Amino acid sequence: MNDLQTPQSVEVWQQAMVPSRRRRKGERRDRILSIILPVVTLIVLLAFWQAFVVLAHISSFIFPRLDDTLAALAAHWPDIWSNLLVTLSEAGLGFVIGNAAAVAGATIFVYSRTFERALFPLAVIIQTIPIVVWSPILVIALPPGSLPQVAVAVLISFFPALVNMTHGLRSVDPLALELFHVLNASRWQVYRKLRWPASIPALFSSLRITSTLSLIGAIVGEYVAGGGQGLGYELITAKQSIDTALVMAITLVATIAGIVVFLAVAAIERAVLSRRGQVT
Amino acid sequence: MGEIACEGLYFSYPNGVRALDNISLTVPQGAFFSLIGPSGCGKSTLLRLVADVLQPEAGQLTIAGAPPRAARTARRIGMVFQEPVLLSWRKAVRNVELPLELGGRRDAAGRRRALALLERVGLGDLAERLPFQLSGGQRQRVALARALIQEPEVLLMDEPFGVLDQITRDEMNAALMRVWEATGITVLFVTHSIAEAVYLSDRVAVFTPRPGRIRGVIDIPLPRPRLPEVRRDPAFFELETQVLAALEGRQEAAAGRAGSP
């Protein structure tokens, strides 16, 4: 074989194009910066919060200081923790069901324009009605417990996941479809071996988006239900007893939970897609 | 058994553009047959008719005496496109195995065949790489191995080396000759390059565009096996000139047609 095609020479060429040590150093600095900068922003924001409330002499029950918030967090931690677990399990169930329904819906759409024309407007309607309007209806209609909250989480996740997955399953190289046709692949094989694997990046962007949305859905559902367990419920009781520091503490916990869930999905996405050579 | 025959073939696209106008040609069993012509002259359309991707408007088209559908459903057609069209999530060897897998015949023997084919196209040590870890030429070699693994009767190649640089392209041509000359597969090869067509083919059909017609078929009686040195042969130059003349004849004809009402 000609020298130009051997793998070693390709690597040599790539190294010649970009000095590798400098490139690696640059990459590492980039990664460190992308961690440090958001942390710095966060610290500045928290400091600003504390300073503003103190300097403006705002009463702590109108807008609690950072230290009051942290004190409330410590005092109510066992409660907050068990409520967080309830919320996370509702959100998790809603996340799974919402995405599974979206994958099923997208699959039907890809194979039937008729179904898509008939059902997509319905999905748009579900999306355009605000979640605070849905929630009371679901809370009234469904038996109390975790079901209404899960349903809200499903509804809020479904549409973005549906749009993403429909696009993902459809955006297959037309030549690959032609290849599968020439190779006499069955419809199921086209789905299983071409459309589905090609849509994995779209699936992960659905999962990433809906990971936080389902959490919001579960909290809103609890908040509206006004009974039972969960962060949303604890939030409403704290609000009713004008315990603003606790409200702030719960908000903080919900925010951090959202960030952690999002980053976890993003980390899995990176790992899976780079192993599959599908990083865009 | 792998003879491709068409007789009075017509094809128009839904927008009314006639891509093929009364095409008749015969590709003998085991021959390497090239279609050459400018862009948009219907060469790729003809290939897609043979592949049973498109259906002719009128006329007869057979592979080994049967309609293309029979060859396709029997998985007797191999196809290589201008792009490699590899599945980016599959390693090279798994891409090569794809046709076997779609035929429900994925086994240890298939794996050995895939590895042997990768060896033959010069990628023996890259079988475990993902497509993005390969160069453009290497990817196209994987695509060639994939087209050959099911031992097709006919191999359809649609400008397979069109996007490669000249040096890689010459290498690919030499590799294709080495691999193909041992098989006896009937090849229908679409190209823009005169040198490529002459180097590879037993026969070259020259197409004229809008509507696609065959201006002439030129025999390439160069000896086989074709080694790269044949490019420096005066006979090679002579044949290139013949193909070029046929292509240029098209322009005069087009000018003549434009002048008449």
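Which residues does V50(B) touch, not counting residues up to four places away in sequence? In this predicted model, the partners of V50(B) are I4(B), L61(B), I63(B), P68(B), L156(B) and L188(B).

## Nonpolar cores

V50(B) belongs to the largest nonpolar core, which has 83 residues. V50(B), L156(B) and L188(B) have the most contacts inside this core. L156(B) and L188(B) also touch V50(B) directly. Helix α5 of chain B, residues 136–148, gives the most to this core, with six residues. Another core lies apart from it and has 50 residues. I156(A), V220(A), L246(A) and A249(A) are among its members.

## Chain A: domains and helix packing

The domain assignment splits chain A into domain 1 (1–57) and domain 2 (64–275). The C-alpha centres of these domains of chain A lie 30 Å apart.

Two helices of chain A show a crossing. Two packed helices are described by the angle between their axes and the distance between the axes. Helix α3 of chain A (66–75) packs on helix α12 of chain A (244–275) at about 80 degrees, with the axes 8 Å apart. Angles of 65 to 115 degrees count as roughly perpendicular, and α3(A) and α12(A) are therefore roughly perpendicular to each other. From α3(A), the contact uses D68(A), T69(A), A71(A), A72(A) and L73(A). From α12(A), it uses A245(A), L246(A), M248(A), A249(A) and L252(A). L246(A) and A249(A) are also among the residues of the 50-residue core.

Helix α6 of chain A, residues 131–141, has a buried side. W134(A), S135(A), L138(A) and V139(A) are buried in this helix. They span an arc of only 125 degrees around the axis, so they sit on the same side of α6(A). An α-helix has 3.6 residues a turn, so residues three or four places apart point the same way. What does the face of α6(A) turned away from the buried side carry? That face holds the exposed residues V133(A), I140(A) and A141(A). The buried residues of α6(A) pack against α7 (147–170) and α10 (200–225) of chain A.

## Where the chains meet

How many residues of chain A are in contact with chain B? The contact involves 21 residues of chain A and 26 residues of chain B. On the chain A side, α1 (7–17), α8 (174–182) and α9 (187–198) each supply at least two residues. The helix that gives the most to that side is α8(A), with six residues.

Helix α8(A) has its own buried side. L179(A), F180(A) and V182(A) are buried in it. Their arc around the axis is only 160 degrees, which puts them on the same side of α8(A). The buried residues of α8(A) pack against α9 of chain A, and also against α2 and β5 of chain B. After α8(A) comes N184(A), with a positive phi near 60 degrees.

A198(A) lies in helix α9 of chain A. It is buried, with 20 other C-beta atoms within 10 Å. A198(A) and G217(A) are 19 residues apart in sequence, yet 29 Å apart in space, C-alpha to C-alpha.

L87(B) makes a contact across the chains. Leaving aside neighbours within four places in sequence, L87(B) is in contact with P197(A) and N95(B). L87(B) sits in the loop between β5 and α3 of chain B. With 21 C-beta neighbours inside 10 Å, L87(B) counts as buried. L87(B) and L130(B) are 43 residues apart in sequence but 9.0 Å apart in space, C-alpha to C-alpha.

## Backbone features of chain B

Two residues of chain B have a positive phi although neither is a glycine.

| Residue | Phi | C-beta neighbours inside 10 Å |
|---|---|---|
| R75(B) | about 55 degrees | 20 neighbours |
| V85(B) | about 50 degrees | 22 neighbours |

R75(B) is placed in the loop between α2 (68–73) and β5 (77–80) of chain B. V85(B) is in the loop between β5 and α3 (92–102) of chain B. R75(B) counts as buried, and V85(B) counts as buried too.

Where does P225(B) lie? P225(B) is in the loop between β9 (213–219) and α8 (234–259) of chain B. A cis peptide bond joins R224(B) to P225(B), with omega at about 0 degrees.

Key: Residues are numbered from 1 along each chain as its sequence is written. Chains are lettered from A and ligands numbered from 1 in the order in which they are written. This is a predicted model: local features need pLDDT of at least 70, side-chain atom pairs count only at pLDDT 80 or more; totals for chains, interfaces and linings use all residues. Domain bounds come from an automatic or database domain assignment. A nonpolar core is a set of buried Ala, Val, Leu, Ile, Met, Phe, Trp, Tyr and Cys residues joined through C-beta atoms within 7 Å. A residue is buried if 20 or more other C-beta atoms lie within 10 Å of its own, exposed if 12 or fewer, and partly exposed in between; C-beta atoms are placed from the backbone. Helices (H or I, at least four residues) and strands (E, at least two) are DSSP runs, numbered from the N terminus. Two residues are in contact if their C-beta atoms, placed from the backbone, lie within 7 Å. The arc is that of the directions from the helix axis to the C-beta atoms. Axes are lines fitted to C-alpha atoms, for helices over the stretch in contact, and angles run from 0 to 180 degrees between N-to-C directions. Angles under 35 degrees count as roughly parallel, over 145 as roughly antiparallel, 65 to 115 as roughly perpendicular and the rest as oblique.
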